[in-house]
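Trainee: I would like to take a close look at one helix of this model and at what surrounds it. Could you describe its surroundings in a connected way?

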Amino acid sequence: VPQFWEAAMVLTAKQRQELHSSIAEYLAQNDFAEVGAAFASKAGIEMKSPGSANGVGLLEKKWTSVVRLQKRVMDLEAQVKQLEEELKNAVPGAARRKTDGSKQLPRAPHKHVLSGHRNPIA
């Protein structure tokens, strides 16, 4: 019978083993040696010797990177909302639609008069 965490996770076997090792290492380093040993035996992993520096602090590094990335995602989502609002308010031709049409037509008196031209101006 699969445990609840096995059904919910989409980790590979290697990733799951690294996670379990990191959790056990974290527990052992933070004065939870008995809990860490119980977890390691239940998870079926070997506790690393205190002298091995491989993976030391890995769980904390991953946790801080997750928090940093969550903040970045929230900032980017806010930026997307702001840009969507700007886009909604900046529809092409919106500025012309708001102005009165009578102001766009030429009216007398003329500011400039062209004289002497016989061919179209290109």
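Mentor: What follows is an account of helix H2, its two helix partners and the loops beside them.

The model is a predicted one, and its setting should come first. The protein chain contains five helices and zero strands, so that the pattern read along the sequence is α-α-α-α-α. Of its 122 residues, 10% count as buried. The chain exposes about 11200 Å², and carbon and sulfur atoms supply 59% of that area. Where contacts join residues at least 6 apart in sequence, 38% of them link residues at least 24 apart.

Helix H2 comprises residues 13-29, and H3 spans 33-43. Between H2 and H3 runs a loop that holds Asp31. The phi of Asp31 is near 60 degrees, a positive value in a residue other than glycine. Most residues other than glycine have a negative phi. Asp31 counts as exposed because its relative accessibility is 75%, and the cut-off for that class is over 50%.

How do H2 and H3 pack against each other? Their axes lie 7 Å apart, at an angle of about 160 degrees. The two helices are therefore roughly antiparallel, a class that takes in angles over 145 degrees. Their crossing is left-handed. From H2, the residues in this contact are His20, Ile23, Ala24, Leu27 and Ala28, and they meet Ala33, Val35, Gly36, Phe39, Ala40 and Ala43 of H3. Sorted by class, the contact of H2 with H3 has nine nonpolar residues, two polar ones and no charged ones.

The second partner is helix H4, residues 58-89. The axes of H2 and H4 come within 8 Å and cross at roughly 110 degrees. H2 is therefore roughly perpendicular to H4, since that class covers 65 to 115 degrees. On the H2 side, Leu19, Ser22, Ile23, Glu25 and Tyr26 take part, and they meet Leu58, Leu59 and Glu60 in H4. The residues of this contact divide into five nonpolar, one polar and two charged. Ile23 is listed in the contact with H3 and also in the contact with H4.

The loop between H3 and H4 adds two further residues to this picture. One of them is Glu46. Its C-alpha atom is separated by 7.9 Å from that of Ser21, although Glu46 and Ser21 are 25 residues apart along the chain. Glu46 is exposed, because its relative accessible area is 72%.

Gly57 lies in the loop between H3 and H4 as well. Is Gly57 buried or exposed? Gly57 counts as buried, because its relative accessibility is 11% and the limit for that class is under 20%. From Gly57 to Ser22 the C-alpha to C-alpha distance is 7.7 Å, with their positions 35 residues apart in sequence. Ser22 is itself one of the H2 residues in the contact with H4.

To draw these points together, H2 is roughly antiparallel to H3 and roughly perpendicular to H4. The contact with H3 has no charged residues, whereas the contact with H4 includes two. In the loop between H3 and H4, Glu46 is exposed and Gly57 is buried.

Technical notes. Residues are numbered from 1 along each chain as its sequence is written. This is a predicted model: local features need pLDDT of at least 70, side-chain atom pairs count only at pLDDT 80 or more; totals for chains, interfaces and linings use all residues. Side-chain values use heavy atoms; hydrogens and water are left out. Axes are lines fitted to C-alpha atoms, for helices over the stretch in contact, and angles run from 0 to 180 degrees between N-to-C directions. Helices (H or I, at least four residues) and strands (E, at least two) are DSSP runs, numbered from the N terminus. Angles under 35 degrees count as roughly parallel, over 145 as roughly antiparallel, 65 to 115 as roughly perpendicular and the rest as oblique. Contact means heavy atoms within 4.5 Å. Ala, Val, Leu, Ile, Met, Phe, Trp, Tyr, Cys and Pro count as nonpolar, Asp, Glu, Lys and Arg as charged, and the others, Gly among them, as polar. Buried means under 20% relative accessible area, exposed over 50%, partly exposed in between (1.4 Å probe, protein chains only). Accessible areas come from the Shrake-Rupley method with a 1.4 Å probe; for residues, only the protein chains shown count as cover. A crossing is left-handed if the near helix is turned anticlockwise from the far one by less than a right angle, and right-handed if clockwise.
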